[in-house]
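Please open the model in your viewer and keep the sequence beside it, so that each stop on this tour can be selected in turn.

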Amino acid sequence: MHLGAVSAQLRRGALHLAEVVLAPLGLFYLLQMLTNFTGGVVAALGWALAVLLVRLVTRTPVPAVLLLTTGLLVVRSAIGFATGSAFLYFLQPTLQNFLFAALLLATVPLRRPLLARLADDFCAFPTTLTRNPRVQRFFRRVSLLWAVVFLMNGAATLWALAKATLGDFMVMTTAVSYSMVGLAALASLLWFRRELRGEGIRLRFGAGAPA
């Protein structure tokens, strides 16, 4: 199966990562340092809403991960504005790790669990692949792995939030979170390749051979 040019897949994944994680986090930290906590909250929320609005106006497909993170950020920002508490602002994404783990577990019995839908945002799999029973079983099983990752991430973040300063908290949790996610992503990729080989499927980047 051909998945298109590898550069296009990398751009797709990098764009979503920058939109929903790197940009709002960086803007929050920058504005929080230059102004105050409220300025950081406004910057992060403004970015998320602007990205969503641009996609709606230009009729560009809205990734599921963007809808999910923006909705959670709106709730998080409302509580941050109402209380002015950095602790409560960062407590919410910590608790969201546990919520997301619960969502992954709840959708495991479905034909296409939540993780499979989010995977489409970063790599456009053909329907002939996503409908394969073995691939569907893989996504159900790997959902369990990612549920454990989010539970561990939530526990580590909760500990750091209680012990570290705001600056140290952001550095520590970013490093730990990305390390855990990176290792889990690598394990998932190797697992996925093994499942495909069991079905005699090989994925190739680039255009398919002419008929």
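How many helices and how many strands are there in the chain? The chain has eight helices and zero strands, where helices (H or I, at least four residues) and strands (E, at least two) are DSSP runs numbered from the N terminus. Read along the sequence, the pattern is α-α-α-α-α-α-α-α.

Before going further, note that this is a predicted model, in which local features need pLDDT of at least 70 and side-chain atom pairs count only at pLDDT 80 or more, while totals for chains, interfaces and linings use all residues. Residues are numbered from 1 along each chain as its sequence is written, and side-chain values use heavy atoms, with hydrogens and water left out.

**The whole chain**

Colour the chain by accessibility: of its 211 residues, 38% are buried. Here buried means under 20% relative accessible area, exposed means over 50%, and partly exposed lies in between (1.4 Å probe, protein chains only). The accessible areas themselves come from the Shrake-Rupley method with a 1.4 Å probe, and for residues only the protein chains shown count as cover.

**Helix α4**

Select residues 86-106, which form helix α4. The expected span of a helix is 1.5 Å times one less than its number of residues. For the 21 residues of α4 this gives 30 Å, and the end C-alpha atoms are 31 Å apart, which agrees. Among the buried residues of this helix are Tyr 89, Phe 90, Phe 100 and Leu 104.

Next pick Asn 97, which also lies in helix α4 and counts as buried because its relative accessibility is 9%. If you draw a distance from the C-alpha atom of Asn 97 to that of Met 152, the two are separated by 8.6 Å, although they are 55 residues apart along the chain. A similar step can be taken from Leu 104 to Leu 145, which are 41 residues apart in sequence and 9.6 Å apart in space, C-alpha to C-alpha. Leu 145 is in helix α7 and, with a relative accessible area of 29%, is partly exposed.

**The salt bridges**

How many salt bridges does a search of the whole structure find? The search finds three, a salt bridge being a side-chain nitrogen of Lys or Arg within 4 Å of a carboxyl oxygen of Asp or Glu.

Select Arg 55 and Glu 19, whose closest N and O atoms are 3.3 Å apart in a salt bridge. This pair links distant parts of the chain, with Arg 55 in helix α2 (residues 37-57) and Glu 19 in helix α1 (residues 6-34), 36 residues apart. Arg 55 counts as buried at 8% relative accessibility, and Glu 19 counts as buried at 11%.

Then move to Arg 134 and Glu 195, whose side chains meet in a salt bridge of 2.8 Å, N to O. Glu 195 lies in helix α8 and Arg 134 in helix α7 (residues 133-163), so the pair ties together parts that are 61 residues apart in sequence. Glu 195 is buried, with a relative accessible area of 11%, whereas Arg 134 is partly exposed, with 23%.

Keep Arg 134 selected and add Glu 199, with which Arg 134 forms a salt bridge whose closest N and O atoms are 3.9 Å apart. Glu 199 is in the segment after α8, so this pair ties together parts that are 65 residues apart in sequence. Glu 199 is partly exposed, at 38% relative accessible area. Taken as a group, Arg 134, Glu 195 and Glu 199 are linked in a network of salt bridges.

**Patches on the surface**

Switch to a surface view for the next two stops. Patches are made of residues with over 30% relative accessible area and no salt bridge, with like charges joined within 9 Å and nonpolar side chains (Val, Leu, Ile, Met, Phe, Trp, Tyr) within 5 Å.

Select Leu 17, Leu 22, Phe 122 and Tyr 178, which make a nonpolar surface patch of about 320 Å². Tyr 178 is in helix α8 and counts as partly exposed at 34% relative accessibility.

Now select Arg 193, Arg 197, Arg 202 and Arg 204, which form a positive surface patch. Lys and Arg count as positive and Asp and Glu as negative, while His and the chain ends are not counted; the place of a charge is taken as NZ of Lys, CZ of Arg, CG of Asp or CD of Glu. Arg 197 is found in helix α8 (residues 166-198) and counts as exposed at 59% relative accessibility.
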